[in-house]
2 protein chains.
Amino acid sequence: MSLKLRIIPLGGCGEIGKNMTVFEYGDQIIIIDAGIMFPENDMLGIDLIIPDYNYLIDKADKVQAILITHGHEDHIGALRHLMGIVDAPIYATRLTAGLIRGKIREAKLVGELDLRTIGAGDVIHIGDFTIEPFHVAHSIPDGVGYGITTPVGLIVHTGDYKFDHTPVDGWAPDFAKLAEFSQRGVLCLLADSTNAERPGWTPSETVITAAFDRLFQEAQGRVIVATFASLISRIQQVTDTAAQYGRKLAITGRSMKTNVRIARELGYLNIPDAMLIDINQANQLSPRKVAILATGSQGEPTAVIGRLAHDRHHSLKIQKGDTVVLSAHPIPGNEEMIYRIINRLLQRGADVLHEAIANVHVSGHASREEMKLMINLVKPKFFVPIHGELRHLKAHGQLAQEMGIPERNISVVENGAPLELDEYNLSVGSRIPGRYIFVDGSGVGDIGPAVIRDRERLADSGFFIAIAEVDDQGKLKGKPELLSRGFVYLEESTDLMVGAEKTIANAINNSGQQGRQLRKKVQSALAKYLYAETGRRPMVHAVIR
Amino acid sequence: MSLKLRIIPLGGCGEIGKNMTVFEYGDQIIIIDAGIMFPENDMLGIDLIIPDYNYLIDKADKVQAILITHGHEDHIGALRHLMGIVDAPIYATRLTAGLIRGKIREAKLVGELDLRTIGAGDVIHIGDFTIEPFHVAHSIPDGVGYGITTPVGLIVHTGDYKFDHTPVDGWAPDFAKLAEFSQRGVLCLLADSTNAERPGWTPSETVITAAFDRLFQEAQGRVIVATFASLISRIQQVTDTAAQYGRKLAITGRSMKTNVRIARELGYLNIPDAMLIDINQANQLSPRKVAILATGSQGEPTAVIGRLAHDRHHSLKIQKGDTVVLSAHPIPGNEEMIYRIINRLLQRGADVLHEAIANVHVSGHASREEMKLMINLVKPKFFVPIHGELRHLKAHGQLAQEMGIPERNISVVENGAPLELDEYNLSVGSRIPGRYIFVDGSGVGDIGPAVIRDRERLADSGFFIAIAEVDDQGKLKGKPELLSRGFVYLEESTDLMVGAEKTIANAINNSGQQGRQLRKKVQSALAKYLYAETGRRPMVHAVIR
């Protein structure tokens with residue numbers, strides 16, 4: 001019986017196969033990407049989410065390679081965690097490798113890093129696999145997809161991509177390589193589904209140039225552009241337009257500074273030294289001579305734009321006549337924060353341009369017509385939509401079916417469901433147990449649903465704690481001590497506190513109960529009283545001594 | 001010196017002049033609308049927000065009338081609170097009055113209700129004001145705007161509107177009345193700005209008919225349509241299409257049932273008795289014979305669709321072949337919840353149609369071309385954009401300027417800023433102090449930023465409380481009692497607890513301090529220790545006895 005290739009999407013929340021995909025054949029494993037996900041709004045207090053590596057723990061020595069598609073956080077951000085389990089070389093293109101090195105240096109792990117720089121067009125033999133990275137266009141330069149020749153056939157993994165004929169860096173997607181793959185015969189295509197609900201063709205990055213040109217021309221004061229720190233091509237466009245209109249450029253925000261430095265060092269970003277100024281210099285110049293690149297396009301309150309909106313930046317202040325450009329698309333869940341920040345900036349006298357009213361952003365992902373082109377270029381036997389929520393994968397799967405791939409050859413799976421492939425069949429094995437691994441502070445995976453539920457409860461109505469002493473007669477001794485936060489405004493709640501004291505006294509005196517039973521009785525009497533008085537359900541604890 | 005008319009937008013959060021507008025001339029006041037706002041995601045634990053009525057408290061006896069534009073919550077939901085302060089008749093059209101009566105009955109206040117039914121086209125004299133309600137099209141039937149003839153001139157307030165030439169109820173907007181107003185001369189137009197960032201013309205409600213027809217035709221199983229309970233025309237469309245394809249109709253969800261009952265009683269909704277079934281009957285019928293109307297189009301976890309997505313509905317279960325239609329637009333802040341519910345429904349085997357992929361919803365508000373038509377129909381001297389966030393108002397104001405209204409005649413203000421008008425001038429008076437009035441449980445306005453900040457802190461990292469006894473020598477007596485929730489998973493944190501006990505002992509023993517000072521010392525030592533160990537900052541309290 002011949003072996004099957006197992007392809008296992010792992011990941012954080014929401015998107016499938018985005019953060020990490022495992023390819024396993026016999027005793028050989030390669031991994032594509034190791035990224036983080038950002039928590040949803042109701043995952044309270046969680047900093048980020050990493051894939052559940054449990055499956056790899058007792059197979060760590062089988063891992064031959066970690067292949068990275070591009071330098072975004074959701075593809076490289078969990079490398080530092082994966083490195084604690086898996087000791088395999090990491091393969092990445094030049095810019096991606098530079099960004100990884102920066103990350104790992106921050107985490108003080110550099111000594112351990114076996115990072116191998118590859119280029120699109122290379123052919124790399126790793127055990128039973130032959131790896132062929134091919135160039136794709138995306139919202140960060142130097143992105144690749146991978147052709148992976150396995151013992152069962154050729155698999156093509158697109159990474160994140162769009163078919164941009166006129167990318168800012170002039171490096172168009174490698175159509176020829178995809179066509180070549182199809183000539184060899186592709187067993188299975190795994191393709192980016194992010195925009196599977198968007199009809200048409202995603203506009204080229206260069207369409208933004210016109211909008212930038214116009215807004216720089218019309219701006220009466222400073223131009224402040226917020227975008228993703230990794231959107232190097234956008235940074236290049238801002239630089240070029242600023243130069244054209246005789247403006248100097250200040251870079252603000254930690255991640256923006258880091259990425260600009262790395263991208264300039266490696267030659268992916270061209271900013272003349274003479275153009276760069278710091279914020280203090282910017283504050284000295286005439287507003288019409290100044291452009292500023294900033295972080296915070298997602299409304300993050302502690303990034304530069306968030307601080308400007310709330311007038312909490314140490315050296316920069318919004319002034320009338322400023323034009324603020326949010327050159328980004330709201331990530332679902334961030335809309336409310338972003339709109340609030342737009343309103344605040346308007347309040348302070350800035351003009352604000354954003355995607356909804358100006359042509360200042362395009363997506364980095366393929367739309368439906370590009371997806372069709374990808375399928376027709378590659379002509380795979382089997383099709384597996386990845387990179388998207390279930391709704392995107394379903395839509396992408398349906399599109400593939402409409403294009404003639406038989407339904408039985410299309411597999412829409414969720415994270416943890418192993419695809420099993422041979423030359424003839426694609427099936428889904430039984431699900432590998434796994435969960436979200438929450439990172440909160442320095443804790444990794446130590447917080448589960450119970451803690452989150454407590455946080456929800458506390459967020460909703462706070463807590464109310466009573467500390468009471470009971471004498472030998474089973475009577476309340478003295479006054480109970482009450483401690484409460486997030487429940488009511490204590491200074492205006494004297495009556496409520498007096499009532500709570502009475503409730504506690506009534507529950508304790510003559511109850512004849514003690515220990516755990518008495519504590520429960522006091523807690524339930526208190527909870528009932530507080531709900532009756534306020535309609536709220538704080539977390540109630542009683543400590544009986 | 002002649003008196004000025006003061007127009008004061010009041011309101012909750014975000015949108016301006018949406019929930020309530022006060023018109024004041026001399027000793028006479030009329031109010032338009034009294035609505036609630038829903039809290040933003042970071043207003044933790046808050047149920048809803050009502051306008052700050054403080055300005056009205058010592059002027060309550062001057063209020064002549066409360067005019068209601070239409071029956072949406074953000075226009076009528078705060079009447080029950082306003083009635084506690086102001087004792088004036090409420091004027092509303094028939095359906096709106098029916099919905100108000102339902103609300104007030106729920107709040108058990110009906111005895112006090114002086115509700116006067118009016119109709120579009122009426123002319124009502126109230127003190128120095130002449131009120132002329134005129135019909136508008138919106139996403140609920142029987143909506144009106146108001147022409148208000150005041151001693152300084154004619155003011156037109158559009159309410160929420162769109163120019164729908166083919167509304168489902170056949171009742172087109174009253175263009176003639178608007179034109180007549182302009183012939184008389186309009187001093188000031190206050191107009192709905194919700195869609196001021198949307199180019200073009202909002203499609204008619206009837207364009208959805210085609211999409212519904214197609215999906216009912218194609219659906220192999222049950223059709224479950226979620227929409228706003230107040231979107232009576234949508235409910236009519238679902239009814240009509242279901243009837244056409246021989247399906248019975250079940251109504252689910254409390255607000256949906258209530259509104260359907262009221263709208264049927266008043267003749268605004270036509271559903272034959274024979275068509276209506278309950279859920280149990282629906283479960284007996286062939287899926288192809290069933291349509292279900294449901295609440296939960298905004299992803300609310302406790303509404304029908306939310307329960308179905310999480311398989312927590314008492315008598316209904318998603319089955320393979322169901323088509324679920326989300327016939328609504330995500331309100332900003334709800335996107336993440338809605339997408340999660342879509343993914344869950346797909347997981348359970350349903351097909352899901354929503355606005356992004358099918359023509360199943362249109363907005364109830366005018367887009368930019370309609371806004372232009374409104375301005376040209378009314379030809380006001382002064383223009384005040386209302387109903388929208390600041391970003392929408394700015395865009396609407398700019399549009400008015402592009403259409404030739406001089407900048408000085410346009411006023412973009414925020415809630416609480418009084419517009420002062422006479423025949424010749426529009427100016428903005430000094431801001432009336434006000435804030436958001438949060439409703440949480442039965443408490444109205446008793447929660448402010450301090451409580452919310454505590455809830456944020458608790459949501460982020462929970463709390464950690466230590467109760468320690470100190471003997472006469474100032475030494476820790478026995479073991480401190482530790483209480484913590486929402487911080488770490490206690491069962492796996494034994495070492496941390498032991499370390500915390502040691503930290504407390506070290507802080508107390510030989511400190512020479514007592515009382516408040518000692519407590520602070522223990523708290524700060526504990527907070528430092530916990531942060532060093534976990535990278536988290538729970539709310540830390542020490543109780544020293």
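## A loop residue to start with: A:Thr206

Find A:Thr206 in chain A of this predicted model. A:Thr206 sits in the loop between strand S12 (186-192) and helix H6 (207-218) of chain A. Is A:Thr206 buried, partly exposed or exposed? Its relative accessibility is 28%, so A:Thr206 counts as partly exposed.

Now look at the surroundings of A:Thr206. Leaving aside residues up to four places away in sequence, A:Thr206 touches A:Thr166, A:Pro167, A:Val168 and A:Gln237. You can also compare sequence and space here: A:Thr206 and A:Gly170 are 36 residues apart in sequence, and their C-alpha atoms are 10.0 Å apart in space.

## A buried loop residue: A:Asp164

Next, move to A:Asp164, which lies in the loop between strand S11 (153-157) and helix H5 (175-184) of chain A. A:Asp164 has a relative accessibility of 2%, so this residue counts as buried.

What does the side chain of A:Asp164 reach? It reaches the backbone nitrogen of A:Thr166, at 2.9 Å. With residues up to four places away in sequence left out, A:Asp164 touches A:Ala137, A:Ala172, A:Pro173, A:Ser204 and A:Glu205. A:Thr166 is a handy link back to the previous section, since A:Thr206 touches A:Thr166 too.

## Chain A as a whole

Let us step back and view the entire chain. Chain A contains 16 helices and 26 strands. Its C-alpha atoms fill a box of roughly 90 × 75 × 50 Å, taken along the principal axes. Of its 545 residues, 59% count as buried.

How are contacts spread along the sequence? Take the contacts in chain A between residues at least 6 apart in sequence: 71% of these join residues at least 24 apart.

## Two residues with a positive phi

Some residues stand out by a backbone angle. A:Asp311 is not a glycine, yet it has a positive phi of about 55°. You will find A:Asp311 in the loop between helix H10 (304-309) and strand S17 (323-326) of chain A. With 33% relative accessibility, A:Asp311 counts as partly exposed.

In chain B, look for B:His387, a residue other than glycine whose phi is also positive, near 55°. B:His387 belongs to the loop between strand S19 (380-386) and helix H13 (390-402) of chain B. Is B:His387 buried or exposed? B:His387 is buried, with a relative accessible area of 0%.

## A loop residue with many contacts: B:Arg222

Stay in chain B and find B:Arg222, in the loop between helix H6 (207-218) and strand S13 (223-226). B:Arg222 has a relative accessible area of 3%, so it is buried.

Which residues does B:Arg222 touch, not counting residues up to four places away in sequence? Among them are B:Arg247, B:Asn283, B:Pro287, B:Val290 and B:Ile292. The list also includes B:Leu316, B:Lys317, B:Ile318 and B:Gln319, as well as B:Gly321, B:Asp322 and B:Thr323.

## Where the two chains meet

Now bring both chains into view. In all, 57 residues of chain A are in contact with 57 residues of chain B. The two chains bury about 5,300 Å² between them, and 50% of that area is on carbon and sulfur atoms. Three residues, A:Glu336, A:Arg536 and A:Arg545, supply 12% of the area that chain A buries against chain B, more than any other three residues.

How many salt bridges are there between chain A and chain B? The count is 14. One pair to look at is B:Arg485 and A:Asp454, whose closest N and O atoms are 2.8 Å apart in a salt bridge. There are also 38 residue pairs in polar contact between the chains. On the side of chain A that touches chain B, the largest share, eight residues, comes from H11(A). By class, this side has 21 nonpolar, 15 polar and 21 charged residues.

## How the two copies are related

Two copies of a chain are related by a rotation about an axis and a shift along it. Here, a turn of 180° and a shift of 0.1 Å along the axis lay chain A on chain B with an RMSD of 0.1 Å. That is the relation of a two-fold axis.

Which residue of chain A comes closest to the rotation axis? A:Ala459 does, with its C-alpha at 2.4 Å. The same surface serves both copies, as 100% of the contact residues of chain A recur in chain B.

Notes:
Residues are numbered from 1 along each chain as its sequence is written. Chains are lettered from A and ligands numbered from 1 in the order in which they are written. This is a predicted model: local features need pLDDT of at least 70, side-chain atom pairs count only at pLDDT 80 or more; totals for chains, interfaces and linings use all residues. Side-chain values use heavy atoms; hydrogens and water are left out. Contact means heavy atoms within 4.5 Å. Buried area is the accessible area (1.4 Å probe) that two parts lose on being put together, summed over both. A salt bridge is a side-chain nitrogen of Lys or Arg within 4 Å of a carboxyl oxygen of Asp or Glu. A polar contact is a pair of N or O atoms within 3.5 Å; within protein, one must be able to donate a hydrogen and the other to accept it, and residues adjacent in sequence count only if both atoms are side-chain atoms. Helices (H or I, at least four residues) and strands (E, at least two) are DSSP runs, numbered from the N terminus. Ala, Val, Leu, Ile, Met, Phe, Trp, Tyr, Cys and Pro count as nonpolar, Asp, Glu, Lys and Arg as charged, and the others, Gly among them, as polar. Copies are superposed by least squares on the C-alpha atoms of residues with pLDDT of at least 70 in both. Buried means under 20% relative accessible area, exposed over 50%, partly exposed in between (1.4 Å probe, protein chains only).
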